[in-house]
Amino acid sequence: MGNYREDKDLELLRYADNDMLGVLVGYLTTDKDGATRYTESLTKNEAFKVAGEDYQRVWQLIGAELQHFGGDTFVNLFRRSGVTYKEILTDVCKKLSLKTDYSAEVINIEQALLAKLFADSWEKMSEKERADVRKELKIDGNLAGGAALTAIITAIRMGGFMSYQVAMIVANAIAKAVLGRGLALAANAGLARIIGLFAGPVGIALTALLTIPAVSGPAFRVTLPAVVQIAAMRQQLMNRERNFF
């Protein structure tokens, strides 16, 4: 593992929930079969071992592991540090052919990514599922099909509570698909109910993305879930007062 590279867009790891950090650690250290990755160095670090599940204590080690994983391995040997989070996020978005303003702030790019993943999952939903989603997200019942999707995507890109809801919904579905377990949201009954509606469609859409040969290399299978998890952490921190409703 290289050194942590100062990165304003990863500073949120210092304040993130330990359960949420644990999911990120899972992406960085285990492969699709649940075995420890040959290329990871986090679990071999003594400070990480001592911290146990108090991931906030070693947030810089976790950040460094992501930065190093996101960079070119050969180049990292010389610079002893990885790449910035924004570079990793941008690479993920470009692999998904996402059209957005890459000069914008990270949170705006993350919201564009969440909107893309939501739109992909919308295509996998039945009409009843879409109607249930509109109801739970409090979208005008008169809007159907493309109009409802447009309204939701616009709200996601604008930020606010719907960005938070969708971030947690998508992150939960990815955690279930990749790690076999969802996010720890038992205290939030309202959000847990909405999440239940999305688990199947988002999981199907994600599985499709992760099996496309052109974009589904080993790095992408880590960086896509990782950036979604970080996007969810950022939204969670921005909406702390809404985590219990």
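## Around helix α1

The buried residues of α1 pack against α2 (46-51), α3, α9 (161-179) and α11. Here, buried means under 20% relative accessible area, exposed means over 50%, and partly exposed is in between, using a 1.4 Å probe and protein chains only. Helices (H or I, at least four residues) and strands (E, at least two) are DSSP runs, numbered from the N terminus. In this predicted model, local features need pLDDT of at least 70 and side-chain atom pairs count only at pLDDT 80 or more, while totals for chains, interfaces and linings use all residues. Residues are numbered from 1 along each chain as its sequence is written, and side-chain values use heavy atoms, with hydrogens and water left out.

Helix α1 has 12 residues and reaches 16 Å from its first C-alpha to its last, close to the 16 Å expected at 1.5 Å a residue. That expected span is 1.5 Å times one less than the number of residues in the helix. Of the 12 residues of α1, 10 are buried, so the helix is largely enclosed by the rest of the structure. Among them are M20, G22, L24, V25 and L28.

## The overall picture

What does the secondary structure of the protein come to? It comes to 11 helices and 0 strands. From the N terminus on, the elements run α-α-α-α-α-α-α-α-α-α-α.

Buried residues make up 50% of the 245 residues in the protein. The protein exposes about 11300 Å², and carbon and sulfur atoms supply 54% of that area. Accessible areas come from the Shrake-Rupley method with a 1.4 Å probe; for residues, only the protein chains shown count as cover. Turning to contacts (heavy atoms within 4.5 Å), 67% of those between residues at least 6 apart in sequence join residues at least 24 apart.

## How confident is the model?

The predictor's confidence in each residue is called pLDDT and runs from 0 to 100. The protein averages a pLDDT of 80, and 76% of the residues score at least 70. Over residues 73-79 the pLDDT is below 50, and this stretch has 6 contacts in the model beyond near neighbours in sequence. Where pLDDT is low, the predicted coordinates should not be read in detail.

## Partners in α3 and α11

Let us meet I62, which has its place in helix α3. Is I62 buried or exposed? At 0% relative accessibility, I62 counts as buried. Not counting residues up to four places away in sequence, I62 touches L24, V25, L28, L42, F48 and Y55. The C-alpha atoms of I62 and G22 are separated by 9.9 Å, with their positions 40 residues apart along the chain.

Helix α11 (residues 220-238) has 19 residues and reaches 27 Å from its first C-alpha to its last, close to the 27 Å expected at 1.5 Å a residue. Because 16 of its 19 residues are buried, α11 is largely enclosed by the rest of the structure. A226 lies in this helix and is buried, with a relative accessible area of 0%. Leaving aside neighbours within four places in sequence, A226 is in contact with L24, Y27 and L66. A226 and L24 are 202 residues apart in sequence, and 5.9 Å apart in space, C-alpha to C-alpha.

## Aromatic rings and a charge

A search of the whole structure finds 3 aromatic pairs. Rings of Phe, Tyr and Trp (its six-membered ring) pair if their centres lie within 6.5 Å; planes under 30 degrees apart count as stacked, over 60 as edge-to-face and the rest as tilted. One of the pairs is formed by Y4 and W59, which are edge-to-face at 5.4 Å centre to centre, with 75 degrees between the planes. This pair links distant parts of the chain: Y4 is in the segment before α1 (18-29), and W59, 55 residues apart from Y4, is in helix α3 (residues 59-70). Y4 is buried, with a relative accessible area of 15%, and W59 is buried too, at 7%.

The charged end of K94 sits over the ring of Y102, 5.2 Å from its centre. A charge sits over a ring if NZ of Lys or CZ of Arg is within 6 Å of the ring centre and within 35 degrees of the ring normal.

## A loop residue

S97 is found in the loop between α5 (85-95) and α6 (106-122). At 61% relative accessibility, S97 counts as exposed. Phi of S97 is near 55 degrees, a positive value in a residue other than glycine.
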